[in-house]
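Me: Hello! I am new to this structure and would like to walk through it with you. Could you show it to me?

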Amino acid sequence: MDLFTLFTLAVGLSMDAFAVAICKGLALRKFSLKNAAIVGLWFGGFQGLMPLIGYILGVQFKSRITAIDHWIAFFLLGFIGVNMIKEAMSREEEPADASLSAKNMLLLAIATSIDALAVGVTFAFLSVQIISAVSFIGVTTLLLSIVGVKVGSVFGTRYRSKAEFAGGIILILLGIKILMEHLFF
């Protein structure tokens, strides 16, 4: 996987965490680098850990489904992308919660990184240096989460749905790219 594709994937996966970080920034109201770092470390850590777990699981099945791996990647990324777009277009507003407790952040970190678990499964079928990839995804999410807290403290929820929508489009396009590369190149 080339660096541009990995960067695009990392940004796409980070959009859920970015959107929730915006909400955290809104709830916290006053920006603090310490609070932003807490949010970033939770989200970045889990966004890096989940694809590693997915990769380990995917490697177990790789030999059995190599012939259809590109279709699996396409459907998983497409499904995740469509769900992100649906969520972005939903009129439901989630209440802003200022808590940075371990329990609260753990639940949010898992919720925002479940899609990364599925992407990790697809990594098992692609040429990916897994440690570099998950580190890159984790750091990208960490940085975007810190920015999200700042954006939320300044602008509020105005950009939340746009971030989720953009992330969904990115993941769908990556799924199509993987499928096209395997079928036609």
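**Surface and core**

Reply: Happily! Leu183 is partly exposed, at a relative accessible area of 40%, where partly exposed means between buried (under 20%) and exposed (over 50%), with a 1.4 Å probe and protein chains only. This is a predicted model, in which local features need pLDDT of at least 70, side-chain atom pairs count only at pLDDT 80 or more, and totals for chains, interfaces and linings use all residues. Residues are numbered from 1 along each chain as its sequence is written, and side-chain values use heavy atoms, without hydrogens and water.

Me: Which helix does Leu183 lie in?

Reply: Helices here are DSSP runs (H or I, at least four residues), numbered from the N terminus. By that numbering, Leu183 lies in helix H6.

Me: Which element gives the largest share of the largest nonpolar core?

Reply: A nonpolar core is a set of buried Ala, Val, Leu, Ile, Met, Phe, Trp, Tyr and Cys residues joined through side-chain atoms within 4.5 Å. The largest one has 27 residues, and Leu9, Leu13, Leu77, Val119, Phe123 and Leu171 touch the most other members. Two or more residues come from each of H1 (3-28), H3 (69-89), H4 (102-123), H5 (130-155) and H6 (160-184). The largest share, eight residues, is from H1.

Me: Leaving aside neighbours within four places in sequence, which residues is Leu9 in contact with?

Reply: Contact means heavy atoms within 4.5 Å. With those neighbours left aside, the partners of Leu9 are Met1, Leu77, Val119, Phe123, Leu171 and Leu174.
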